[in-house]
Structures are given as structure tokens and as C-alpha cells.
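Please walk me through this structure, going from a helix to the enclosed space and then to a pair of packed helices.

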Amino acid sequence: MELTNQPMLIWFVIGYGIFMLLLGVYYSKKINTSDDFILAGKSLGPIVLMGTLLATWVGSGSVTGGQNSMAYSFGIWPALMSTIPSLLGILTIFLISSKIKHYGKHTVAEILEIKYGRWSSLLAAIIIILAFVGIVSYQFQGLGFILSVSTGISPETGTIIGAAIIIFLACIGGLMSVAPTDAVSAFLVIIGLVVAVPLAISAGGGWDQILANVPESHTSFTGGLSFIQLMGYYLPTLFLLLGDQNIYQRITASNNDKTTKRGTAGWIIGLIIATPTISLLAFISRSLFPDIDPGMAVIALTSVLPIAIGGVLIAALTAFIVTTGNSYLLSAATSVIYDFFAKYIKKDINDHQKLVYTRVLIPVLGVIAFLLTMYFPTVLAVQMYAYTVYGAGITPALLAVFLFPQVTKSAGLSSMITGLIATLFWEFFYVESTGINSVIVSVPVAIIVLIIVTLFTYNKNGNRKEGTE
């Protein structure tokens with residue numbers, strides 16, 4: 001089947017976009033301090049927290065990369081199994097959520113600085129920018145795919161328009177406005193995804209016909225991938241989630257520990273519904289549209305569903321992508337201002353200036369993210385790069401703060417440096433020639449360095465050889 005645009009769908013996108021804009025403007029009026037902008041005044045309740053956690057994690061990374069691209073490119077089973085790393089990550093976050101809330105910091109770099117010193121904070125800020133700008137870039141591409149399907153414009157033109165929309169909305173209200181729109185979008189997308197499944201199966205001619213139209217490898221357990229290749233896709237997801245600054249910020253933004261636990265539990269339920277459904281829809285799309293960009297799989301299905309269902313689904317997907325893009329742009333800008341600018345350039349910066357500079361920086365990072373879309377060939381490729389830069393460079397050292405109290409300052413810094421260098425070196429010199437994602441090398445190396453350096457800098461009696469921290 002040839003993919004054709006459905007002009008009626010654009011009205012759903014526009015209508016929901018206007019709703020998001022109005023909601024964002026309404027909540028932006030409640031912003032008086034930088035804490036309001038970045039942490040929503042630490043006022044999030046359990047329902048909003050659940051929705052914003054789900055929408056942040058199941059954004060374009062799932063509906064254009066992740067489960068979507070894996071189901072389209074390799075088959076249903078590898079995509080379904082890719083939900084497991086996210087569940088493991090969320091369960092771990094659930095266990096340490098009270099500790100995260102207790103720290104109450106704007107960025108993970110501030111948490112790292114308490115344990116490892118100021119150089120860890122600066123290094124973390126650099127890693128966060130490298131990773132989050134990459135994540136934002138494929139949110140732009142995801143919105144470009146949606147605009148292409150609904151208007152007929154090229155995905156490239158749609159990406160430019162998508163970048164402008166995401167950058168503008170990110171500047172308006174920060175987390176104070178992003179969180180409520182996330183919550184609405186999360187519930188809407190779950191409804192849209194569940195309702196779409198039987199209709200998509202019908203559009204594909206029934207399950208037997210769908211299976212007949214996909215390559216034989218797409219019905220196998222591994223999708224033709226080796227164990228190492230599968231881990232190359234699964235581990236970046238796990239290690240980004242375990243240390244994701246966006247997730248930590250949202251937990252910190254909750255109004256109390258009880259809310260944090262309830263919101264995280266709800267996030268698990270939402271994920272169990274959303275991600276397998278995305279996998280199934282993308283697999284069905286492979287049978288209908290064998291020649292499209294893998295990142296367009298679920299979005300393309302909206303063109304063959306009844307207009308009302310396709311419209312609701314594409315509007316919800318739009319919201320997921322936009323709010324995820326907003327979140328990562330905001331988070332990257334926050335790191336620059338709090339972990340670099342305020343500490344090394346303008347030490348006397350006041351709260352109002354932090355708010356202004358954060359808003360000014362968002363478009364700058366947005367333009368860099370757009371330029372990055374021209375370097376990586378697919379959404380899945382840039383996703384694996386961004387996830388691994390963060391997962392190897394920050395997550396082992398960050399988790400050690402909560403789970404490995406014996407870790408030393410030297411160990412944390414060494415792990416971060418090793419993880420970053422190993423990822424970038426492998427990405428630029430070995431990924432294409434080996435076909436193995438950098439996470440297979442960089443994350444184990446970062447963890448090994450963390451443990452070994454701790455052993456050499458920590459006495460048997462529990463006293464650090466390197467001095468007080």
C-alpha cells in the first residue's frame with residue numbers, strides 16, 4: 001500500500017495544538033521564580049506526575065524510534081521485549097524515589113557535585129547537553145513525520161516547522177505548563193492507541209494477512225538480530241532511564257513522597273499499556289507500508305484508520321512528541337545555566353536572571369538540535385547515540401550516589417570520563433564497521449572503572465585514601 005497524506009488529520013493536530021498552547025499560557029502565568037519554571041514550584045500531584053512521567057518517557061523515542069522502529073525494522077518480538085528495560089528502570093527509580101526527592105536539586109549535576117566535587121558537575125553538564133540535544137533532534141523529526149502525513153509536505157520541511165513549534169512552546173512556561181499538558185496527552189494517547197489496534201488489524205486484512213505480508217525474520221523471537229545486537233538496543237534505554245535528569249526533575253517537583261510513589265506506580269501501569277501497543281501498531285504498519293521510513297510506522301497508520309480515531313491518535317502523538325521535546329530542551333538549558341553559567345561566568349546571577357537566561361538559551365540549543373538531524377540517518381541511530389552518551393557518562397556514577405555509598409570522588413569522575421570518551425570514540429570510528437552499538441563497550445567499561453577505582457581509593461576500614469569528600 002502506498003502512503004498518502006490525509007489533509008483532514010491536520011485539523012486534529014491544529015486543534016490539539018491550540019489547546020496545548022492555551023493550557024501552556026494559562027499555567028505560564030503562575031510562574032514567578034526559576035523554581036516555578038524548572039520544578040513547577042514542587043506542586044505536582046499524583047495524577048499529573050504519572051502523566052508527565054509517562055509522556056516524557058514515551059515520547060518520540062517510542063513512537064518514532066524505540067519500539068516503533070524496532071517493530072518495523074526487526075519484528076514484533078524484539079519490540080515487545082524492549083519494554084522490559086524500561087520496566088526494570090522504573091522499578092529501580094521507584095525504590096530510590098524518596099532519596100531523589102530528598103536531594104531536591106534542579107539538575108543531576110548538582111547531585112553529582114555533592115558526592116564527587118565541582119568537576120563532576122561541569123562534566124555532567126557537558127554530557128547532558130551532548131545527549132539531550134540529540135534527543136530533542138528526533139522530536140523535531142517525529143513532528144516532521146506527522147506534518148508530512150497530514151499535509152503532504154516533505155518530512156524535511158515538516159522537521160523545520162516542528163522545530164519552530166517545539167522551541168516556541170518550550171520558552172513559554174517550563175515544567176509548570178509542560179506537566180499538565182503531559183498528563184492530558186498521556187491519557188489521550190493511551191485511549192487512542194488501544195482503540196486503534198483492532199481497527200489497524202482490520203485495515204491490514206486480519207492477522208493472518210499481516211503475518212503473510214512481513215518478512216519471515218520479523219516473526220522470529222530475535223528478528224534476525226544477535227544477542228549482542230539486541231543488547232545494543234536495550235541497554236541504552238535502561239541506562240538513560242536510570243539517570244534521566246528529566247525524570248529526576250519531575251520526581252523532585254512532586255508535592256510529597258506519597259505522591260512520588262503513587263505517580264511512579266501509575267507510570268508503570270501506563271507503560272505496560274502504551275509500549276506493547278506501539279510495538280503492535282508498528283508491526284501492522286510494516287505489512288501495509290513496506291517502503292516508508294521506519295520512524296513513520298505508527299504515524300502512517302493514522303492515514304488508514306477512520307478519521308475520528310486517526311485524528312485523535314495523531315493529535316495525541318503530536319502532544320507526546322512536543323512535550324518530550326519541550327522537556328529535554330528545558331532540561332538541557334537548565335544544565336547550562338545552573339551547572340555552568342551561574343558557577344563559572346556570572347556567579348552573582350539572581351533568580352530572575354536565571355529564568356530569563358534559560359528562556360533565551362532554549363532557542364540556541366534548539367537550532368543545534370535541528371542541525372544534528374542532518375548527521376544521523378535514522379531516528380533509531382540518533383536515539384542510540386544520545387541514550388548511550390548519557391547512560392555511560394552519567395548513570396553509573398549517579399546510581400552509585402544512591403546505591404553504593406563506598407564510591408569515591410576519584411571513582412565517580414573516572415567513570416564519567418571513561419563512559420563519555422568510550423561512547424564518542426566508538427560512535428565515530430567503529431559503529432558503522434562493526435554494526436555494534438557503543439553501549440556494549442562504554443557502559444561495562446564505565447562500571448568497571450567505577451568499581452576498580454573505588455577499590456584502590458577506599459581503605460578496608462572504610463576510610464577514603466584520597467581524603468575527605
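In this predicted model, the residues of α8 that count as buried are V108, A109, E110, I111, L112, K115 and Y116. The helix spans residues 108–116, and with seven of its nine residues buried it is mostly covered. Among the buried positions are E110 and K115, which belong to the charged class. After α8 comes G117, which has a positive phi, near 100 degrees.

The next topic is internal space. Four cavities of 30 Å³ or more are present in the structure, and the largest of them holds about 140 Å³ of space. Its lining is made up of 17 residues, and those nearest the centre of the cavity are G66, Q67, S82, T237 and Q383. Several helices give two or more residues each to this lining: α4 (60–63), α5 (66–73), α7 (83–103), α12 (227–243) and α18 (379–393). The largest share comes from α18, with four residues. What classes of residue make up the lining of the largest cavity? Nine are polar and eight are nonpolar, while no charged residue takes part.

The last topic is how two helices pack. Such a pair is described by the angle between the two axes and the distance between them. For α20 (residues 409–429) and α22 (residues 439–457), the axes come within 8 Å and cross at roughly 160 degrees. Because angles over 145 degrees count as roughly antiparallel, α20 is roughly antiparallel to α22. The hand of the crossing between α20 and α22 is right-handed.

How values were computed: Residues numbered from 1 in each chain as written. Predicted model: local features only at pLDDT ≥ 70, side-chain atom pairs only at ≥ 80, totals over all residues. Heavy atoms only, no water. Buried < 20%, exposed > 50% of the residue type's maximum accessible area, 1.4 Å probe, protein only. 1 Å grid on protein atoms, 1.4 Å probe; cavity = no way out; pocket = protein on both sides within 12 Å on 5 of 7 lines; lining within 4 Å. Points joined across faces, edges and corners; volume = space filled by probe spheres on them. Axes fitted to C-alpha atoms, helices over the stretch in contact; angles between N-to-C directions. Parallel < 35°, antiparallel > 145°, perpendicular 65-115°, else oblique. Left-handed = near helix turned anticlockwise from the far one by under 90°.
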